[in-house]
Amino acid sequence: MTEQAPAAESDIPGKPTSASRTTLSHIMTHNDTNLLGTVHGGVIMKLVDDAAGAVAGRHSGGPAVTASMDEMAFLEPVRVGDLVHVKAQVNWTGRTSMEIGVRVLAERWNESTPPQQVGSAYLVFAAVDADGKPRRVPPVMPETERDRRRYQEAQIRRTHRLARRRAILELREKRIADGLGD
């Protein structure tokens, strides 16, 4: 992942956050359950990845692949019969990568109560060309104060991801230099 080029220096026009914002909805069935009778976390994670992938593809104008998922939080169990809404948007863009923020909401399919947030996640997607090589993405243009806050928070998460990666690589290199292997 690389730093985002300032919009004035980018040769690709920016896109507003709202241009790729997406909601996917799905009714949970018995096929989605775990041994406890609630919806399996992996089912929710797949829906999260699907929604984030749709947003990444729409924003980048082509294929994008999941590079990482972090901070997946399951806040409440999801039950059979729940109508799950997965809302996703681009929070931040670099040269070839994007952070997608996802909120998972659930409501009973046969009730008129408001949906409740049951999960959230942040994913990083990399835009790729037909050969699987990284390609440039348009800068995201936050539109609201909330979008600007999400952009700033995404920059902090990116800094932490890169620092964690560097620390792990340094530790591995030290173990190898000390003859302890990897």
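Helix α2 covers residues 145–177, and its 33 residues at 1.5 Å each should span 48 Å; the end C-alpha atoms are 48 Å apart, so the expected and modelled spans agree. The model is a predicted one, and this helix is a convenient place from which to read it.

Several residues of α2 are buried, namely D147, R150, Y151, A154, R157, R158, R161 and L162. An α-helix has 3.6 residues a turn, so residues three or four places apart point the same way. The cover over the buried residues of α2 includes strands β3 (64–74), β4 (82–93), β5 (97–108), β6 (116–127) and β7 (140–141). One of the buried arginines, R157, lies over the face of Y122, at 3.5 Å from the ring centre. Pairs between aromatic rings are another matter: the structure holds zero of them. Just after α2, the backbone at G179 takes a positive phi of about 75°.

The helix also takes part in the largest pocket, which holds about 330 Å³ of space. The lining of this pocket consists of 20 residues, and those nearest its centre are Q89, G101, R103, R146 and R150. Elements that give two or more residues to this lining are β2 (22–27), β4, β5, β6 and α2. Helix α2 supplies the largest share, six residues. R150 thus appears in two lists: it is buried in α2, and it is among the lining residues nearest the pocket centre.

Among the strands that cover α2 is β3, and this strand contains E71. The phi of E71 is positive, at about 55°, although E71 is not a glycine.

The rest of the picture concerns the chain as a whole. The protein chain has two helices and seven strands. Read from the N terminus, the elements follow the order β-β-α-β-β-β-β-β-α. In this order, α2 comes at the end, after a run of five strands. Contacts far along the sequence are well represented: of those between residues at least 6 apart, 74% join residues at least 24 apart. Of the 182 residues in the protein chain, 37% count as buried. The C-alpha atoms fill a box of roughly 55 × 50 × 35 Å, taken along the principal axes.

Technical notes:
Residues numbered from 1 in each chain as written. Predicted model: local features only at pLDDT ≥ 70, side-chain atom pairs only at ≥ 80, totals over all residues. Heavy atoms only, no water. Helix = DSSP H or I, 4+ residues; strand = E, 2+ residues; numbered from the N terminus. Expected span 1.5 Å × (residues − 1). Buried < 20%, exposed > 50% of the residue type's maximum accessible area, 1.4 Å probe, protein only. Contact = heavy atoms within 4.5 Å. Phe/Tyr/Trp six-rings, centres within 6.5 Å; stacked < 30°, edge-to-face > 60°. Lys NZ or Arg CZ within 6 Å of the ring centre and 35° of its normal. 1 Å grid on protein atoms, 1.4 Å probe; cavity = no way out; pocket = protein on both sides within 12 Å on 5 of 7 lines; lining within 4 Å. Points joined across faces, edges and corners; volume = space filled by probe spheres on them.
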